[in-house]
Amino acid sequence: MKFTDGYWLLREGVTAAHPVEVLDVTASPGALEIHAPTQPIRHRGDLLKGPVVTISAHAPMPNVIGLTITHFQGEQPRGPRFEVRRDDLPGPGGRAPEGGTAQVEYDDEYATLTSGTLSVRVARTGPWHVDFLAHGRVLTSSGPKGMGIMRDAGGAHYLREQLGLGIGTSVYGLGERFGPLVKNGQVVDMWNADGGTATEQAYKNAPFYLTNAGYGVFVDHPGKVSFEVGSEAVSRVQFSVESQQLTYYVIHGPTPKDILRTYTALTGRPALPPAWSFGLWLSTSFTTSYDEATVTSFIDGMRERELPLSVFHFDCFWMREFNWCDFRWDPRVFPDPEGMLARLKAKGLHICVWINPYIAQRSPLFAEGKALGHLLRKRDGSVWQWDLWQPGMALVDFTSPAARDWYASKLEALLAQGVDCFKTDFGERIPVDVAYADGSDPERMHNYYTYLYNRTVFEVLRKHRGEDEAVVFARSATAGSQRFPVHWGGDCEATYESMAESLRGGLSLGLSGFGFWSHDIGGFEGTPTPALFKRWIAFGLLSSHSRLHGSSSYRVPWLFDEEAVDVLRLFTRLKMRLMPYLYEAARTARAEGVPMMRAMVLEFPDDPGCAHLERQYMLGPDLLVAPVFNDEGDVSYYVPEGTWTHFLSGHTVTGPRWVRERHGFSSVPLLVRPGTVIPVGAVDARPDYPYADGVTLRAYGLERGAQVSVPVGDVTFTVVREGDTLRASSSDPSAPWALACGERIARAPAGTGFLSLELKSA
């Protein structure tokens, strides 16, 4: 949201009041409170008028400093609030936390609060100025006319902050956004919308950005936050909320990975999805016609063609039309759901079904939910309804514990039938002219609704399937929603342009703290050409999660051409064999908040060539993927420093430089980082198997004498290169590895860049 008309003027009807100096400072253990008048205090007469801004600084955890800006303190506290870790809160009995989380010092010149390596320093003399520093270096600052109390022409009250944007600093994140990966120059509003992947709208808004300058910023407001990223003041990032209070946190890295680690420690780390979820998912598609015979023909067709399949998904029409949701199988199409699910699960499949948080008027649950008070109401007490998506549909009020339990009970019945997981669709178009059961503010609930919705579903799965078996396929999200994976990119078109915008969205989401992400292979809207479908397959199977899904057409590969079958087989089996490596990357996402699919800047923050790259990515720490976005197979990509090896061919390329190549449908640039060991599994038919049994350790660009630790499942191997020999030892001396150490291996064919050692269980 813009308030100014160029450098000198405000927009018509806008008024502004900015802190101009520090009146006084109050220090308490681990906190500072500052009163800053918005006009110079020259004499006592200037003390008779306002506004005065109150600024409070605290440190919820090391390397994080929160700043709360307040105008009127009399505003009623309004929920919901993000669930944020606070190490600085009093413990049992009101005791201060042991050792504290921050140190406070002040003199006549500055007031400073320090948390770990990060400090906030407020100038007590001269013009208003706030610096955030690490190791004595200024990361970003709020200067004169940055922080402000703003009113628009209609009288709406906003708090605004502007933080300096240094030369060469790039901004990333702010949720899943499908435009340019670097957000500089963009206007970004945090307001969840069902807008597809081709617009500036987003299903997943997170008011958090990170930079390549050593810091990130999280705005602790679940409602609408308007960001101007170098777009109103070109050397500043501006954010504003319509409120009397605004809290934001500055997070020090110094690296982008460190920033994500700290941010996800603050807002929550993702759960670890079950291993089976990393296999191939196949869907009925959306508006297509299907019954058990159709489904069985797809599944049997996959098996006959030796295409590994892990999950089958039933989309919306497993329920009767105009009844979404009633959580009942349409008896006209699926007369024996329990028997059908048992037959499908006997084929080794997991089952997913589509749900959303809405209750259509025709659904029997509408009358039930209305009578029990579980549906979201208007301010006059009547149920909020509209006709968009489902005639007369209402929304479940997830602020009510009773409504959450009621909704969960419907899912429990499906789990008892044999369903394993849920596609938690929708949750974006949440009205604001409503009254929530717990009194939550509707504006703040608009984005936060999806958090309560997906948490409710995820907790049901945890309760009945276990901590290690819970997984959803979610479309909407906000900050903290990363706790409930997996998320997918939403409604994309069957075009190369949409394939590229989907990748941008996934990388942006990963830079917003989300560890796992997927997309509709081939595109959702429309039917892909055979060439596009085959190109998207490679991208899809080299993503954290992989799903074949469309809108009005099926996605089984033989409907495109026979080569599509071969391509799907190749890349699905490749992913299965990469599972020892991929699952370790997934465990890292769970433990550290670093995503599986990583923008190049995340792995190479010191390489300026990586700052803007958005058509390639790192899959885990050591595999570079550059999807092909055209029929012909022409692709250009950037290789960072070192000698990298094509995983599929063994040929090498030395960076830093740009590379141009042409690839057939059975190939894609998939390069291994120099100095790494990739564990390759012995199983290519399923994603969940004993990864260490029969694993092949492939060493790429390993220097003579180098030693690398390679986690594989519950075993860690230590690999040492001695000349052209690899030696491996196990962390478990009792493990039955027949070739655990001392094996001499031959160099791969001339022109290739790896050595390998195969370990087989005795």
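Hi everyone, let me start with one residue pair: valine 719 stands opposite alanine 728 in β42. Keep in mind that this is a predicted model. The two strands behind that pair are β41, residues 715–722, and β42, residues 725–730, and they pair in the antiparallel sense over 6 bridges. And what sits in the turn? The hairpin of β41 and β42 has 2 residues between the strands, and there glycine 723 takes a positive phi near 65 degrees.

Now to the rings. How many aromatic pairs does a search of the whole structure find? The search turns up 48 aromatic pairs. Let me show you phenylalanine 314 and tryptophan 329: their ring centres are 5.1 Å apart and their planes stand at 85 degrees, so this pair is edge-to-face, with over 60 degrees being the cut-off. Where do these two residues lie? Phenylalanine 314 is in strand β23, residues 311–314, while tryptophan 329 is in the loop between β23 and α3 (337–345), so the pair ties together parts that are 15 residues apart in sequence. Phenylalanine 314 and tryptophan 329 are both buried.

There's also an aromatic cluster to look at on your screens. One cluster is formed by Phe82, Phe208, Phe218, Tyr249, Tyr263, Tyr448, Tyr451, Phe458 and Phe484.

Last, for those of you who like cations and rings, I have a couple of contacts. The charged end of lysine 534 sits over the ring of phenylalanine 665, at 4.3 Å from its centre. Likewise, arginine 547 has its charged end over the ring of tryptophan 488, 5.0 Å from the ring's centre.

Thanks, everyone, and I'm happy to take questions!

Key. Residues numbered from 1 in each chain as written. Predicted model: local features only at pLDDT ≥ 70, side-chain atom pairs only at ≥ 80, totals over all residues. Heavy atoms only, no water. Phe/Tyr/Trp six-rings, centres within 6.5 Å; stacked < 30°, edge-to-face > 60°. Helix = DSSP H or I, 4+ residues; strand = E, 2+ residues; numbered from the N terminus. Buried < 20%, exposed > 50% of the residue type's maximum accessible area, 1.4 Å probe, protein only. Lys NZ or Arg CZ within 6 Å of the ring centre and 35° of its normal. Pairing = 2+ DSSP bridges.
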